[in-house]
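Q: Hi! Could you walk me through this one with me? I'd like to talk about charged pairs and helix packing.

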Amino acid sequence: MKLLGVVLAGGESRRFGSDKARALIDGMALAEHARAALAPFVAEAEESGSGGIADRPAAGLGPLGGICGALHHARTRGYDAILTIGCDTPFVPIETLMALADARGAAFVADTPIIGRWPVALVEPLERHLTHCEDRSMRCWCALIGATPLDAPPIANINRPADLAALNPLDKARGRLRQ
């Protein structure tokens, strides 16, 4: 199974006040920490959003637009599925990423559904969903396709500068180890 890693980084970062994907911890941008987390499980890792893989079918559709664009991109490059994490959730435990990489079909972290595994066969159904359905939440999409929820330990979500400052020592240690 050939996996493409995708760091979802297309949000506006309104609560953060600046581009959170470029915010630094231990001298490395959050998006780079996320790419490093994905690296052992994927053939390569790319970023969606500004300067990366374009959202589909249009910009402004939230994480599902980023996933849809990444699925299109992955399919044209011969990948079977994508493994996604958010730039604001870069410290995903290795065991969680391993379980997602080994999953069959669509799977996601129950408490943080942007962290997931999405087969490229979902590209057309997702594009139809984004075009015709008003509920564009990750939870609605996961329920609609019958994706498998996986339990995971709590994962830090960095939405504000205070969240970055308050990262617990274990998250900071994971970042240093990845560097």
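A: Happy to. One term up front: a residue counts as buried when its relative accessible area is under 20%. Also keep in mind that this is a predicted model.

Q: Good to know. How many salt bridges turn up in the whole structure?
A: A search of the whole structure gives 6 salt bridges. In general, side chains of opposite charge can pair when their charged atoms come close.

Q: Let's take K20. Which side chain does K20 meet in a salt bridge?
A: K20 pairs with D88, at 2.9 Å from N to O. The two sit in distant parts of the chain, 68 residues apart. K20 is in the loop between strand 1 (3–9) and strand 2 (24–25), while D88 is in the loop between strand 5 (81–86) and helix 3 (94–102).

Q: And are K20 and D88 buried or exposed?
A: Both K20 and D88 are buried.

Q: OK, on to E47. Where is E47 found?
A: E47 is in strand 4, which covers residues 44–49.

Q: What does the E47 side chain meet in a salt bridge?
A: That would be R22, with an N to O distance of 2.6 Å. R22 lies in the loop between strand 1 and strand 2, and the pair links parts of the chain 25 residues apart.

Q: Why does E47 count as buried?
A: Because its relative accessible area is 11%, and the cut-off for buried is under 20%. Its partner R22 is partly exposed, at 40%.

Q: What else is E47 in contact with, leaving aside its neighbours within four places in sequence?
A: Besides R22, the contacts of E47 include V7, A9, A21, A31, R35, G52 and I53. As for P154, 107 residues away along the chain, its C-alpha atom is separated from that of E47 by 23 Å.

Q: Now R77. Which side chain does R77 meet in a salt bridge?
A: R77 meets E44, at 2.7 Å from N to O. R77 is in the loop between helix 2 (63–76) and strand 5, E44 is in strand 4, and their positions lie 33 residues apart in the numbering. Both are partly exposed: R77 has a relative accessible area of 35%, and E44 has 28%.

Q: Which residues do shared partners join into one network?
A: D19, R22 and E47 are joined into one network by salt bridges that share partners.

Q: Switching to helices. At what angle do helix 4 and helix 5 pack?
A: Helix 4 (residues 123–132) and helix 5 (residues 138–145) pack at about 130°, with their axes 12 Å apart. That angle makes helix 4 oblique to helix 5. The crossing is right-handed.

Q: Which residues make that contact?
A: P125, L126 and H129 from helix 4, and C140, W141 and L144 from helix 5. By type, the contact of helix 4 with helix 5 has 5 nonpolar residues, 1 polar and no charged.

Q: And helix 2 with helix 4: is that crossing left-handed or right-handed?
A: Helix 2 and helix 4 cross in a left-handed way. Their axes come within 9 Å and cross at roughly 150°, so helix 2 is roughly antiparallel to helix 4.

Q: What is in the contact there?
A: Helix 2 brings L64, G65, I67, C68, L71, H72 and R75, and helix 4 brings V123, E124, L126, E127, H129 and L130. The residues of this contact divide into 7 nonpolar, 3 polar and 3 charged.

Terms used:
Residues numbered from 1 in each chain as written. Predicted model: local features only at pLDDT ≥ 70, side-chain atom pairs only at ≥ 80, totals over all residues. Heavy atoms only, no water. Salt bridge = Lys/Arg side-chain N within 4 Å of Asp/Glu carboxyl O. Helix = DSSP H or I, 4+ residues; strand = E, 2+ residues; numbered from the N terminus. Buried < 20%, exposed > 50% of the residue type's maximum accessible area, 1.4 Å probe, protein only. Axes fitted to C-alpha atoms, helices over the stretch in contact; angles between N-to-C directions. Parallel < 35°, antiparallel > 145°, perpendicular 65-115°, else oblique. Left-handed = near helix turned anticlockwise from the far one by under 90°. Contact = heavy atoms within 4.5 Å. Nonpolar A, V, L, I, M, F, W, Y, C, P; charged D, E, K, R; others polar.
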